[in-house]
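Student: I would like to go through this model with you, starting with a detail and then moving outward. May I put the structure up?

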Amino acid sequence: MGDEGEAFINSRDNKPYSRSVSHAYDELHSFRTWLRWMCVDQSSTLMTCLSWFVFVVFAIAIPCLSHFLLACSSCDATHERPYDGVIQLSLSAVAALSFLCLSRFVKKYGIRRFLFFDKLCDESETVRKGYTEQFNRSMKILLIFVLPCFAVESAYKIWWYSSGASQIPFLGNVYVSDAVACIMELCSWLYRTVVFFLVCILFRLICYLQILRLQDFAQVFEVDSDVESVLREHLRIRRYLRIISHRYRAFILWALIFITISLFASLLMTTRSSAEVNIYKAGELALCSVSLLAGLMILLRSATRITHKAQSVTSLATKWHVCATIESFDTADPETPMAQGQGAVSRLFPASTDGSSDGDDVGDEEDELDNTKLIPAYAYSTISFQKRQALVTYFENNRAGITVYGFMLDRGSLHTIFGIELSLVLWLLGKTIASL
């Protein structure tokens, strides 16, 4: 996919491709092929019918058959599946949500427009190259999350069937029946998990594009820029953030609701007085919870990261305004008596060099936007104090970021969500333990 990405970068003036048809030099050719293999491609009527058929089979039919026909009531205590209902409902619910949202995205916007590839021609080369590289890494990131969980799930299913848990000869031969049932269950698990992670990874990819835009936008404070052009560019970025928020708000909200309900149901079932929790019975439930939480963390981390970057622009603009104001006063009257006072201040608060060890202790708390470095003020003579102040006031009163129905997903909101869920979990634990 790297050569295809370079072909896109070097062809800004080429005629754009159509919405659904894949071409030999289309940067989305490999991605469309992967979607077809996943049976989530809906670029034609035939592919749409196939996509819905596969979804019904692997996300609804097989989980239902697995739960009701493989209950294995006659199995020994090790092979009982008391938490299978929660597992199947949780995976099918998030898979259905992901499939419906992905189908709506592709049908309404098309893949190129949904991933903002149609707008990359208006971006700088740094943004285009960085986004294309991240796009090429997206499927690898998806496999990093899915393959380890799938390996553990495969080991559990193979053990469960090979140790003689199933007693229902669907195909007349118990070994053939067990092999077919095991493969179908694994395919169902893999399909539901991949569809969920796919939507999460695509959200992460889109957020990464906006981070690249914000990093590129931050460069305007280091050169001689016009306030009007800075304002226009920031309004354009805010518009993209609103578009992303509007498209993904329903998915983020319902994913948070479904996963929270799943975790609470798991907690309630495993903390009952009659519940027997061990790796054989609750191992698959723990794996399901870890997979869902990993996808949810991808969503929330991507949203909070881009919100933090967008809000860091306000800090950067304020620092730019301060540095420009100080520089303008210093150059306006170099013989002012304030110079003597400034010398005393510099002795009280000595300026640290850029190569000091203090910068090494900061770690990940600073980035290219939110840092403690002064901005060189050498090109601000054309921008008046009033214009800079008006721009800073605009940034302070127009916070940008990812929102869910007006609720900003920043670090403060994450702390709030964590506090609410922790309080509910502790309350549920208290009620459960008190009933023992």
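Student: In which helix do Arg 236 and Glu 233 lie, and how many residues apart are they?

Tutor: The structure is a predicted model. Both Arg 236 and Glu 233 lie in helix 8, and they are 3 residues apart, about one turn of the helix.

Student: What is the distance between the closest N and O atoms of Arg 236 and Glu 233?

Tutor: The closest N and O atoms are 2.8 Å apart, and Arg 236 forms a salt bridge with Glu 233. Arg 236 counts as partly exposed because its relative accessibility is 23%. Glu 233, at 24%, also counts as partly exposed. Salt bridges that share partners join these two residues with Glu 123 and Arg 213 into one network.

Student: How many salt bridges does the structure hold?

Tutor: The structure holds 7 salt bridges. Another of them is formed by Lys 157 and Glu 284, whose closest N and O atoms are 3.4 Å apart. This pair links distant parts of the chain, with Lys 157 in helix 6 (residues 125–162) and Glu 284 in helix 9 (residues 279–332), 127 residues apart.

Student: Is Lys 157 buried or exposed? And what about Glu 284, buried or exposed?

Tutor: Lys 157 counts as buried, as its relative accessibility is 2%. Glu 284 is buried too, with a relative accessible area of 6%.

Student: Which residue meets Asp 41 in a salt bridge?

Tutor: The side chain of Asp 41 meets that of Arg 36, at 4.0 Å from N to O. Asp 41 is found in the loop between helix 2 (29–38) and helix 3 (45–69).

Student: Why does Asp 41 count as buried?

Tutor: Buried means under 20% relative accessible area, and Asp 41 has a relative accessibility of 5%, so it counts as buried. Its partner Arg 36, at 33%, counts as partly exposed. With neighbours within four places in sequence left aside, Asp 41 is in contact with Leu 35, Arg 36, Met 47, Thr 48 and Ser 51.

Student: Let us stay with helix 3. What is Val 54 in contact with, leaving aside its neighbours within four places in sequence?

Tutor: Val 54, which is found in helix 3, is in contact with Cys 39, Ala 59 and Tyr 191 on that basis. The C-alpha atoms of Val 54 and Cys 39 are separated by 6.8 Å, although these residues are 15 residues apart along the chain. Val 54 is buried, with a relative accessible area of 10%.

Student: Tyr 191 came up there. Which residues have the most contacts inside the largest nonpolar core?

Tutor: Tyr 191 is one of them, together with Leu 115, Phe 221 and Tyr 248, in a core of 97 residues. The largest share of this core comes from helix 7 (residues 174–217), which supplies 20 residues. There is also a second, separate core of 7 residues, including Leu 70, Tyr 156, Trp 160 and Leu 186.

Student: New topic: how many disulfides does a search of the whole structure find?

Tutor: The search finds 0 disulfides. For Cys 182, the nearest cysteine sulfur is that of Cys 187.

Student: Why is there no bond from Cys 187 to Cys 182?

Tutor: The two sulfurs are 9.3 Å apart, which is too far for a bond; a disulfide needs sulfur atoms within 2.5 Å. Cys 182 is buried, with a relative accessible area of 8%, whereas Cys 187 counts as partly exposed at 33%.

Student: Turning to the surface, which residues make the nonpolar patch?

Tutor: Leu 253, Trp 254, Ile 257, Ile 261 and Tyr 405 make a nonpolar surface patch of about 470 Å². Ile 261 belongs to helix 8 (residues 227–270) and counts as exposed, with 52% relative accessibility.

Student: And the overall picture: how many helices and strands are there in the protein chain?

Tutor: There are 12 helices and 2 strands. Along the sequence the pattern is α-α-α-α-α-α-α-α-α-α-α-β-β-α. The protein chain has 436 residues, of which 44% count as buried. Among contacts with a separation of 6 or more, 85% are between residues 24 or more positions apart. The accessible surface comes to about 23100 Å², and 63% of that belongs to carbon and sulfur atoms.

Technical notes: Residues are numbered from 1 along each chain as its sequence is written. This is a predicted model: local features need pLDDT of at least 70, side-chain atom pairs count only at pLDDT 80 or more; totals for chains, interfaces and linings use all residues. Side-chain values use heavy atoms; hydrogens and water are left out. A nonpolar core is a set of buried Ala, Val, Leu, Ile, Met, Phe, Trp, Tyr and Cys residues joined through side-chain atoms within 4.5 Å. Buried means under 20% relative accessible area, exposed over 50%, partly exposed in between (1.4 Å probe, protein chains only). Helices (H or I, at least four residues) and strands (E, at least two) are DSSP runs, numbered from the N terminus. Contact means heavy atoms within 4.5 Å. Patches are made of residues with over 30% relative accessible area and no salt bridge: like charges are joined within 9 Å, nonpolar side chains (Val, Leu, Ile, Met, Phe, Trp, Tyr) within 5 Å. Accessible areas come from the Shrake-Rupley method with a 1.4 Å probe; for residues, only the protein chains shown count as cover.
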